[in-house]
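Grab a pencil and open the viewer. Here are a few exercises on how helices and strands pack.

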Amino acid sequence: MIQLYDSGVYLLNGNRIVPEKEAQSDPALSKDTAKKGTISYGILQAHNTGNDPEHLKIRFDAITSHDLTYVGIIQTARASGLDRFPLPYVLTCCHNSLCAVGGTINSDDHEFGLSACRKYGGIFVPPHIGVIHQYMRETMAGCGKMILGSDSHTRYGALGTMAVGEGGGELVKQILEQTWDAAYPEVIAVYLDGKPNPGVGPQDIAIAIVTAVFKNGYVKNKVMEFVGPGVSSIPTDYRNGIDVMTTETTCLSSIWRTDEDTEQFLKIHGRGEDFRKLEPADTAYYDGCIYIDLSTIHSMIALPFHPSNGYEIRELNANLDDILHQVEEEKKRLIHNPDLHLNLWEKVHDGALWADQGTIGGCAGGTYSNIMEAAYLLDGKSTGNGEFSLGVYPSSQAVMTELLRQRAIEKLVLSGATVRTAFCGPCFGAGDTPMHKGFAIRHTTRNFPNREGSKPGNGQLASVALMDARSVAATAANGGRITAADEIGYTYHCPEFHYDPSAYEHRVYQGFGKADPNAQLVCGPNIKDWPEMPEMNENMLVRVCAYITDPVTTTDELIPSGETGSFRSNPMGLAEFTLSRRVPEYVGKAKAVMADEKARKEGSCPEQVQKVLDQIRTIPGFEDLMDETVDLSSTIYAVKPGDGSAREQAASCQRVLLGGANIAKEYATKRYRSNLINWGMVPFVTNEEPDFADDDYIFVPGIRKALETDMRSIPAYVIGSAVKQFTLRIEPLTDEEKEILRSGSLINYNRKRTVK
């Protein structure tokens with residue numbers, strides 16, 4: 001059972017939930033005082049360098065990036081005055097570790113990363129050694145710490161660390177000894193009770209949680225604080241698997257109460273000194289509460305195309321026709337190609353749904369206890385020699401070492417599964433791509449469209465469902481027949497993990513505190529500097545180059561993952577893929593705006609743009625508008641953009657193509673909105689239903705001055721077949737964010753600071 005409280009709650013003595021309405025008559029309960037009793041409050045304020053507890057200015061203990069993001073981050077920091085890394089910065093090579101696409105590009109980036117760690121004093125984790133989040137769990141996370149990562153799944157709450165996934169611009173700020181600025185967030189209690197039944201794993205609980213809270217936004221941009229007696233009913237490795245999936249709820253961060261098992265985990269990893277008992281005060285106030293009886297959670301499946309599309313496997317099997325029909329309808333909405341049909345009904349025979357492929361890996365599935373239990377379920381069995389295949393990716397060499405010692409790898413291989421090295425590819429569409437119309441089941445983090453590697457634009461379509469490693473293994477033992485592990489009837493006790501850091505000691509470059517300014521930065525031919533970005537002018541004119549009415553637009557749609565990542569170090573090369581799987585014509589339109597603005601600046605204003613400027617001069621008050629006070633750029637409209645990855649490329653690619661703003665009803669995540677700001681694009685929000693269309697021009701007069709107001713009602717004009725006035729707004733910005741927007745980008749802002 002999962003229950004969402006419709007108001008705030010008090011948690012008394014860690015085990016009694018009192019709804020706020022019931023507590024109003026108790027004078028001993030002070031909301032303002034009790035808010036300070038959460039674990040979150042203590043950690044956030046300990047890292048707050050400002051004087052205002054409601055407006056945080058956070059300095060993190062460490063930062064981390066992988067090889068889809070670290071080149072761009074370091075290049076941005078270099079352009080802003082970087083001379084050394086002032087805090088531990090871990091660079092992992094787990095997203096492009098296969099080096100299979102783009103020729104030498106990936107290895108060039110890895111060499112760049114290593115040389116940057118030598119020059120600036122970083123920690124470099126080479127390919128195949130560990131996925132980003134497992135390495136951070138094993139070596140960096142600890143109780144009371146805060147870690148910032150340029151990956152949305154930066155979550156180490158089960159180890160007592162408040163971790164946040166953000167775009168690269170926020171890491172650049174930490175490198176330049178600036179702060180992560182945010183309003184103090186609401187904190188939601190996740191009260192765990194009971195104990196999971198045999199066969200139920202962390203992904204089952206995670207899918208149940210995401211399904212309960214994603215669509216209603218219950219924890220959006222809030223902190224999820226895991227409390228209650230049920231926390232101690234599950235081991236820390238298990239907790240890690242739930243914790244990393246909190247990202248899919250769109251929460252800001254997560255934190256768990258810690259106990260003896262947390263302490264044991266850290267001791268095993270040689271870091272017992274990083275343990276501190278964290279628990280709420282005797283009286284703590286939370287802005288909401290999710291009550292979960294772990295014993296009521298069954299084996300789950302998240303069907304395409306989101307982790308929140310969750311069903312109990314037994315429910316799916318009992319209602320195949322109705323549920324699969326809903327998935328097909330969702331495909332029509334998300335993948336705009338009427339000639340492509342998902343037809344999961346084709347996978348139904350002999351009274352069941354059948355998968356073509358299974359994968360267990362990454363930061364969610366590739367943990368020690370997940371793979372050990374999967375090996376137990378496959379011991380002495382066969383995955384079959386038909387279409388179905390199973391791939392297993394242990395999340396680090398340390399995990400691989402212990403799996404070898406426990407002979408789990410042997411059991412998996414003998415069953416027909418294939419075992420690979422630490423790699424995030426299956427999570428984002430760069431590994432284990434199924435066949436056309438293939439259906440894959442995975443214990444990974446996401447099942448967004450095209451995260452399985454298919455290319456609908458080329459007539460290729462496949463789909464992914466998320467399941468726990470236990471049910472993936474049970475399904476594999478049945479040759480691909482979707483099987484719920486909790487219906488098998490078994491009991492398993494995972495052997496204790498023994499940590500051997502030898503692989504890290506022999507391969508990871510530990511350069512923190514050892515910066516060598518004379519070391520040479522190695523840049524391959526695809527590593528390009530950021531192009532110049534203009535400062536904000538007095539007035540803004542934007543052309544709508546994409547108009548998206550989907551309820552949610554993911555960062556994967558804004559800039560596709562997968563093989564496009566090979567161009568991540570070439571800003572214009574990567575920008576060519578912007579919205580390519582959602583609005584293929586966007587890049588051409590944005591480039592046309594770039595060409596028009598270039599011609600206008602050179603004194604040859606295109607006829608269409610001149611016509612628009614003349615129309616603006618028909619608006620009362622703007623008869624004497626001077627062309628040089630107006631800058632032309634492009635914009636996109638989307639209902640709710642930015643769900644998913646933290647990759648700043650979702651914003652930077654628009655900016656490289658002269659994007660000046662986004663217009664939305666709301667932004668799916670703080671991190672995407674922050675990315676827009678750091679790349680100098682105004683995050684407008686509509687005050688009403690948009691009365692403009694694709695290809696319309698929108699004039700926003702006095703935009704620089706508007707940033708000095710409360711920004712709740714900013715006049716704007718649609719310049720189309722007629723001139724129509726409407727209003728936009730901008731949600732609150734810090735003074736620094738306003739100056740970044742005026743400067744045109746974080747790079748420009750920091751250059752100006754350096755000059756001063």
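Four exercises follow, each with a worked solution, and keep in mind that the model is predicted.

**Exercise 1.** Work out how helix 4 and helix 7 are oriented to each other, and which residues make the contact.

*Solution.* Start with the axes: those of helix 4 (residues 70-79) and helix 7 (residues 168-175) come within 9 Å and cross at roughly 50°. Angles under 35 degrees would count as roughly parallel, and 65 to 115 as roughly perpendicular. Helix 4 and helix 7 are therefore oblique to each other. Next, the hand: helix 4 passes helix 7 in a right-handed crossing. Now the residues: helix 4 brings Ile-73, Thr-76 and Ala-77 to the contact, while helix 7 brings Gly-168, Leu-171, Val-172 and Ile-175. Sort these by character and you get 5 nonpolar, 2 polar and no charged. As for the spacing, residues three or four places apart in an α-helix point the same way, because there are 3.6 residues a turn.

**Exercise 2.** Lay out the open sheet that has 6 strands, and find where helix 4 packs on it.

*Solution.* First write down the strand order, which is 9-8-5-6-7-25, with mixed pairing. The ends of that order are the edges: strand 9 (162-165) and strand 25 (509-510) each pair on one side only. Then zoom in on strand 6 (residues 89-92) and strand 7 (residues 123-125), which run parallel and are joined by 3 bridges. Leu-91 stands opposite Phe-124 of strand 7. Finally add the helix: helix 4 touches strand 5 (62-66), strand 6 and strand 7, and its direction makes about 140° with that of strand 6.

**Exercise 3.** Sort the residues of strand 4 by face, then find the strand 10 partner of Leu-56.

*Solution.* Begin with the general pattern: side chains of a regular strand alternate between the two faces of the sheet. In strand 4 (residues 55-58), Leu-56 and Ile-58 make up the covered face, and His-55 and Lys-57 the uncovered one. Now the pairing: strand 4 meets strand 10 (residues 180-183) in the antiparallel sense over 4 bridges. The residue opposite Leu-56 is Ala-182.

**Exercise 4.** Is helix 27 largely enclosed or largely open?

*Solution.* Buried here means under 20% relative accessible area. List the residues of helix 27 that pass: Glu-736, Glu-737, Lys-738, Ile-740, Leu-741, Arg-742 and Ser-743. That makes 7 of the 9 residues in helix 27 (residues 735-743), so this helix is largely enclosed by the rest of the structure. One last stop: Gly-744 follows helix 27, with a positive phi near 100°.

Methods
Residues are numbered from 1 along each chain as its sequence is written. This is a predicted model: local features need pLDDT of at least 70, side-chain atom pairs count only at pLDDT 80 or more; totals for chains, interfaces and linings use all residues. Side-chain values use heavy atoms; hydrogens and water are left out. Axes are lines fitted to C-alpha atoms, for helices over the stretch in contact, and angles run from 0 to 180 degrees between N-to-C directions. Helices (H or I, at least four residues) and strands (E, at least two) are DSSP runs, numbered from the N terminus. Angles under 35 degrees count as roughly parallel, over 145 as roughly antiparallel, 65 to 115 as roughly perpendicular and the rest as oblique. A crossing is left-handed if the near helix is turned anticlockwise from the far one by less than a right angle, and right-handed if clockwise. Contact means heavy atoms within 4.5 Å. Ala, Val, Leu, Ile, Met, Phe, Trp, Tyr, Cys and Pro count as nonpolar, Asp, Glu, Lys and Arg as charged, and the others, Gly among them, as polar. Buried means under 20% relative accessible area, exposed over 50%, partly exposed in between (1.4 Å probe, protein chains only). Two strands pair if DSSP finds at least two bridges between them.
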